[in-house]
Amino acid sequence: MKKLLLSCLAALCLVGCSSTPKEEDLKKTVCTLEDSGVSVNTVFEHDGTKVMKQTNTNTITLSASGMTKEMIEAAAKTASEAYGAIEGVTYSYEFKDDDTFVETTTIDFTAASIADLQSAGIVEAGEADYIGIKETLELNNQNGIECKDAE
């Protein structure tokens, strides 16, 4: 299950570089996956080539996922410590009730260092210096994650 959650963040391909477009010019693509009590919703804000920002929200129903509150909380605390040290990355989590856990990770790729993101295991970049939306969506599709442009 942890692998499923991490794959949503790590399923990013990187290529090239260029200037940052204005926020109002960005397109949004939403990717979703539901499996074994886990709902993943990822919003990519991009210019058609590069991902500028990614917001990932995972909602876990503990009773359906087979995970305990203690397991989830330990993983969330570890993630909070690791991600909190990276500029451009914000992470938060909460238990909505005794059976529902929600975590949100936002990555501002215009502020975050690709090297720092690689060191934290968030992306696999090789020598590239930005996230390519086309490659990211292709990889998500290969992993069974449904993506569509936001309206």
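Good morning. I begin with a cysteine: C31 is buried, with a relative accessible area of 1%. I should say at once that the model is predicted.

The partner of C31 is C147, and the two sulfur atoms lie 2.1 Å apart in a disulfide. The structure holds one such link, and it is right-handed, with 115° about the S-S bond. Because C31 belongs to strand β1 and C147 to strand β6, the pair ties together parts that are 116 residues apart in sequence. C147, in contrast to the buried C31, is partly exposed, at a relative accessible area of 25%.

Strands β1 and β6 return when we turn to helix α5. The buried residues of α5, which spans residues 133-142, are I133, T136 and N140. These three cover an arc of only 65° around the axis, and therefore sit on the same side of α5. Their packing partners are β1, β2, β3 and β6. The face turned away from that buried side carries the exposed residues K134, N141 and Q142. Just after the helix, G144 adopts a positive phi of about 80°.

Finally, the interior. The largest nonpolar core comprises 28 residues, and those with the most contacts inside it are I60, F101, I107, F109, L117, I122 and V123. Among the elements that each supply at least two residues of this core are β1, β2, β3 and α4. Helix α3 gives the largest share, four residues.

Which residues does L117 touch, leaving aside those up to four places away in sequence? They are I86, V89, I107, F109, A112, I122 and V123. Thank you.

Methods:
Residues numbered from 1 in each chain as written. Predicted model: local features only at pLDDT ≥ 70, side-chain atom pairs only at ≥ 80, totals over all residues. Heavy atoms only, no water. Core = buried A, V, L, I, M, F, W, Y, C linked by side-chain atoms within 4.5 Å. Buried < 20%, exposed > 50% of the residue type's maximum accessible area, 1.4 Å probe, protein only. Contact = heavy atoms within 4.5 Å. Arc of directions from axis to C-beta. Disulfide = S-S within 2.5 Å.
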